[in-house]
Amino acid sequence: MSHVCPWWLGYFLINPFRRISQNPMKILGPFVAEGMTVLEPGPGMGFFTLDLARLVGPRGKVVTVDLQQRMLDGMKRRARKAGVADRIEARLVKNDGLGVEDLAGQVDFALAFAMVHELPDQRRFFAEVFQALKPGGKLLVAEPKGHVTTEAFAATLALAGAVGFRADSRPAIRASRTAVLVKA
Ligand SMILES: C[S@@+](CC[C@H](N)C(=O)[O-])C[C@H]1O[C@@H](n2cnc3c(N)ncnc32)[C@H](O)[C@@H]1O
């Protein structure tokens, strides 16, 4: 777990000032519509999760997958307070895969924000998300510029390409290296 964001940093990641530079509704609005099924690996304490749940609405679903129970507990607490907990599923996994085989071909959109660089096997991660997505489904990857070099991000995208993802666009998100990848 040495490269994994410690649980107490989860509190820092949900600080309201972050919304000024990384506004979840602005970032996610173009990709998420009512009724969708969304997969969010590595939600932390849910900085993006609550708005994902608002965007999918009562008929939609957000499946979150994290290694750390404390992150999921923080996210669920905040979701209950916001009144959107009913549409969020929280899955606790070990550091050996996402455990989303049951979602094969069901996911409309996936978000991996500031988490891919923490993974021991990025290729496996992309293969699992690819399998979970519907044909035409999209994955938004955003990595922190401070931790991930241009070269490292290019290597990450090459792994995504190797499992079948096609690069679609590069949305501008403050302090982030980004790519929207499509299951063609
Ligand atoms: C830096 S935090 C980002 C949290 C959130 N996405 C955000 O932007 O606020 C990374 C999160 O990914 C989770 N994570 C790291 N490795 C993981 C893995 N193999 N499977 C699932 N979650 C993982 C960590 O526990 C942590 O909650």
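A residue is counted as near a molecule if its C-beta atom, placed from the backbone, lies within 6 Å of it. The exercises below concern a predicted model.

**Exercise 1. Determine which residues come nearest to the ligand, and describe its shell by residue class.**

Solution. The residues around the ligand number 20. Among these, Cys5, Leu13, Gly42, Gly44 and Met115 come nearest. Sorting the shell by class gives 14 nonpolar, four polar and two charged residues.

**Exercise 2. Establish how strand 1 pairs with strand 2 and with strand 4.**

Solution. Begin with strand 1, residues 37-41, where four of the five residues are buried. Strand 2, residues 61-66, pairs with strand 1 in the parallel sense over five bridges. Within this pairing, Thr37 has Lys61 as its bridge partner. Next, consider strand 4, residues 107-113, which runs parallel to strand 1 and is joined to it by two bridges. Here the bridge partner of Leu39 is Ala110. Finally, add helix 4, residues 49-56: strand 1, helix 4 and strand 2 form a β-α-β unit that is right-handed.

**Exercise 3. Identify the buried residues of helix 6 and explain why they lie on the same side.**

Solution. In helix 6, residues 122-132, the buried positions are Gln122, Phe125, Phe126, Glu128, Val129 and Ala132. They lie on the same side of helix 6 because they cover an arc of only 160° around the axis. The elements that cover these buried residues include strand 1, strand 4, strand 5 (133-144), helix 7 (150-162) and strand 6 (165-169).

**Exercise 4. Decide whether Phe153 is buried, partly exposed or exposed, and state its contacts.**

Solution. Phe153 belongs to helix 7. A residue needs 20 or more other C-beta atoms within 10 Å to be buried, and counts as exposed at 12 or fewer. Phe153 has 19 and is therefore partly exposed. Leaving aside neighbours within four places in sequence, Phe153 is in contact with Glu143, Val148 and Arg177. Leu55 is 98 residues from Phe153 along the chain, and their C-alpha atoms are separated by 28 Å.

**Exercise 5. Ala114 and Ala175 have a positive phi. Locate each residue and determine whether it is buried or exposed.**

Solution. Take Ala114, which is not a glycine yet has a phi of about 55°. Ala114 is placed in the loop between strand 4 and helix 6. With 21 other C-beta atoms within 10 Å, Ala114 is buried. Turn then to Ala175, also not a glycine, whose phi is about 60°. Ala175 is found in the loop between strand 6 and strand 7 (176-183). Ala175 counts as exposed, because it has 12 C-beta neighbours inside 10 Å.

How values were computed
Residues are numbered from 1 along each chain as its sequence is written. This is a predicted model: local features need pLDDT of at least 70, side-chain atom pairs count only at pLDDT 80 or more; totals for chains, interfaces and linings use all residues. Ala, Val, Leu, Ile, Met, Phe, Trp, Tyr, Cys and Pro count as nonpolar, Asp, Glu, Lys and Arg as charged, and the others, Gly among them, as polar. Two strands pair if DSSP finds at least two bridges between them. A crossover is right-handed if, with the strands pointing away from the viewer, the path from the first strand over the helix to the second runs clockwise. The arc is that of the directions from the helix axis to the C-beta atoms. Two residues are in contact if their C-beta atoms, placed from the backbone, lie within 7 Å.
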